[in-house]
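Trainee: I would like to go through this model one question at a time. Where do we begin?
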Amino acid sequence: MTDLTSTQAYWLGHLFHASSRQLPLSEYAEEQGLDLASLLAWEQRLVVQGVPVPPRHRPLRFVAVEVAR
């Protein structure tokens, strides 16, 4: 892997921070005052450039419930 530019490192750092905190990118971007579209665009750009990016945290969409009769 080649050295990252300061811009690449900046966005990659945000992606790692969101992943390590297990936050969805939308929540992380709002918390940090970042534009979600820019964060997502940089995630894709880094992938295309061959830079390993951390996995996204994806919260469960469905929750098991017990129905009492």
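**Helix 3 and its surroundings**

Mentor: We start with the length of helix 3, residues 36-48. At 1.5 Å a residue, its 13 residues should span 18 Å, and its end C-alpha atoms are 18 Å apart, which agrees. The expected span is 1.5 Å times one less than the number of residues, and helices (H or I, at least four residues) and strands (E, at least two) are DSSP runs numbered from the N terminus. This is a predicted model, in which local features need pLDDT of at least 70, side-chain atom pairs count only at pLDDT 80 or more, and totals for chains, interfaces and linings use all residues. Residues are numbered from 1 along each chain as its sequence is written, and side-chain values use heavy atoms, without hydrogens and water.

Trainee: Which residues of helix 3 are buried?

Mentor: Buried means under 20% relative accessible area, exposed over 50%, and partly exposed in between (1.4 Å probe, protein chains only). By that rule the buried residues of helix 3 are L39, W42, E43 and L46.

Trainee: Why do the buried residues line one face of helix 3?

Mentor: An α-helix has 3.6 residues a turn, so residues three or four places apart point the same way. The arc is that of the directions from the helix axis to the C-beta atoms. Seen down the axis of helix 3, its buried residues line one face because they fall within an arc of 105°.

Trainee: Which exposed residues sit on the face of helix 3 turned away from its buried side?

Mentor: That face is opposed to the side holding the buried residues. The exposed residues there are A37 and V48.
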